[in-house]
Amino acid sequence: METRRQWVLSCAAISTGFAAEDATAMVQKRVDATPMGSTLDLENQLFAVRTIRLHSRMTLANARFLTIGTDIPLTAPVTIDGNAQLAEDITIRNVHIDGQREQQRNLHSVEDGGRDGFRIIGRAKRIRIDNCSAKRCATDGLKLFSDRVLSGDDRKLNFEDITISDCSFQENRRHGASADSIRQVRFERCDFLDNGTDIGASPGALDDGMIYGAGIDVEGYGVGSGVDGLSFVGCRFQRNARFGIQFWEPTDPESPGFLPRQNITIENCEIDGGVSPTHGKQALEFSQPQRNRWKSPVYANIKIINMRLKGTVILHAVDNVLIQGGDLQSPYPGFWGIGQNCRRLQVKEVRDYGKTFSHR
């Protein structure tokens with residue numbers, strides 16, 4: 001995104017040091033006053049906020065946010081809302097969020113509480129998030145969620161040309177990040193660590209009484225929530241509750257308008273199978289309900305290059321997979337991965353310790 005001029009805001013009058021009071025209205029006023037094509041620089045100061053909504057064609061830079069404790073769902077400090085109209089050309093740089101998850105309540109409501117760090121909803125295009133972090137959020141560190149505007153056609157996806165680089169998503173109650181309906185989305189040198197794991201006073205998100213948070217969860221919500229171009233390069237997915245990377249697609253692949261979730265690359269990444277004692281150590285999973293597993297391919301054109309994995313790989317209803325290079329350490333005797341209805345699988349030059357991929 002091209003920034004035509006730099007508009008620097010001095011925030012000394014808003015906050016000095018620790019921001020204990022609610023600064024939402026003050027910061028939002030300055031966001032709204034930022035001209036299109038300009039940068040709002042918050043000078044690395046700290047603000048306690050509820051939800052700050054960015055507008056198209058702006059940059060938000062150099063800020064630290066604390067999420068105010070609340071029982072109101074869908075409260076996320078940095079929000080890009082593209083429900084009413086497309087949000088586009090937004091950069092977020094050097095912004096760091098502490099979600100204060102122990103102060104958040106009413107977490108069994110819409111979107112599992114919706115207390116994310118960075119929340120991008122509706123439709124968005126040409127978004128960059130650089131050198132940012134979201135930790136201790138009561139839902140996800142980063143969420144890309146179609147919300148109310150699914151197209152019903154996998155040729156028309158909601159989030160396009162989005163790059164997240166040099167970011168960290170840690171110790172969030174549910175996932176480090178979650179996404180649906182994406183085209184040409186890239187994660188570069190990002191960390192997804194220790195998400196969903198706390199079962200103490202501020203518990204992780206539970207499914208049938210078990211923690212389930214992933215480093216990243218790419219999940220479908222019907223036709224129109226597909227994937228066409230997604231890459232992870234140089235990322236770490238470690239010590240999360242269950243999955244490092246999980247793809248879960250409940251949509252029937254024979255539905256009108258459905259296209260396989262495709263063109264996915266995982267390169268030079270470190271992934272493990274999580275810390276849950278009740279889980280099978282799936283580090284990387286492409287899956288769907290059993291009823292859809294033997295139909296048309298659900299995923300296609302997958303490249304997994306130089307992966308350093310501790311756990312297992314699950315590939316169900318996947319067509320055209322290349323696994324090349326890397327180190328695959330499985331906790332199970334005899335195999336490092338399993339799959340059903342997995343077609344055109346190539347495994348080249350991997351260190352697998354004499355174990356195999358078992359599929360039918």
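**Exercise 1. Classify F286 and its aromatic partner.**
Decide whether F286 is buried or exposed, then describe how the rings of F286 and Y299 are arranged.

*Solution.*
Step 1. The relative accessibility of F286 is 0%, so F286 counts as buried. This value, like the others here, comes from a predicted model.
Step 2. Y299 has a relative accessible area of 1% and is buried.
Step 3. A pair of aromatic rings is described by the distance of the centres and the angle of the planes. A search of the whole structure gives 12 aromatic pairs. For F286 and Y299, the ring centres are 5.3 Å apart and the planes stand at 80°. Planes over 60 degrees apart count as edge-to-face, so this pair is edge-to-face.
Step 4. F286 belongs to strand β23 (residues 282–287) and Y299 to strand β24 (residues 299–310), so the pair ties together parts that are 13 residues apart in sequence.

**Exercise 2. Describe a second aromatic pair.**
State how the rings of Y332 and F335 are arranged, and find the accessibility class of Y332 and of F335.

*Solution.*
Step 1. The ring centres of Y332 and F335 lie 5.4 Å apart, with 5° between the planes. Planes under 30 degrees apart count as stacked, so the pair of Y332 and F335 is stacked.
Step 2. Y332 has a relative accessible area of 29% and is partly exposed. F335, at 25%, also counts as partly exposed.

**Exercise 3. Place T51 and list its surroundings.**
Find where T51 lies and which residues T51 touches.

*Solution.*
Step 1. T51 sits in the loop between β1 (38–49) and β2 (52–53).
Step 2. The relative accessible area of T51 is 16%. Buried means under 20%, so T51 is buried.
Step 3. Leaving aside residues up to four places away in sequence, T51 touches T24, Q28, L74, T75, A76, P77 and T79. With one of these, A76, the T51 side chain makes an approach of 3.2 Å to the backbone nitrogen.
Step 4. T67 is 16 residues from T51 along the chain, and their C-alpha atoms are separated by 8.2 Å.

**Exercise 4. Look for a charge partner of D180.**
Which side chain of opposite charge is nearest to D180, and how far away is that side chain?

*Solution.*
Step 1. D180 is in the loop between β12 (177–179) and β13 (182–188), and D180 is buried.
Step 2. The nearest side chain of opposite charge is R261, 8.1 Å away. A salt bridge needs a separation within 4 Å; D180 has no salt bridge.
Step 3. Residues that D180 touches include L144, F145, E219 and Y221. Over the ring of F145 sits the charged end of K143, 6.0 Å from the ring centre.

Notes: Residues are numbered from 1 along each chain as its sequence is written. This is a predicted model: local features need pLDDT of at least 70, side-chain atom pairs count only at pLDDT 80 or more; totals for chains, interfaces and linings use all residues. Side-chain values use heavy atoms; hydrogens and water are left out. Helices (H or I, at least four residues) and strands (E, at least two) are DSSP runs, numbered from the N terminus. Buried means under 20% relative accessible area, exposed over 50%, partly exposed in between (1.4 Å probe, protein chains only). Lys and Arg count as positive and Asp and Glu as negative; His and the chain ends are not counted. Contact means heavy atoms within 4.5 Å. A polar contact is a pair of N or O atoms within 3.5 Å; within protein, one must be able to donate a hydrogen and the other to accept it, and residues adjacent in sequence count only if both atoms are side-chain atoms. Rings of Phe, Tyr and Trp (its six-membered ring) pair if their centres lie within 6.5 Å; planes under 30 degrees apart count as stacked, over 60 as edge-to-face and the rest as tilted. A charge sits over a ring if NZ of Lys or CZ of Arg is within 6 Å of the ring centre and within 35 degrees of the ring normal.
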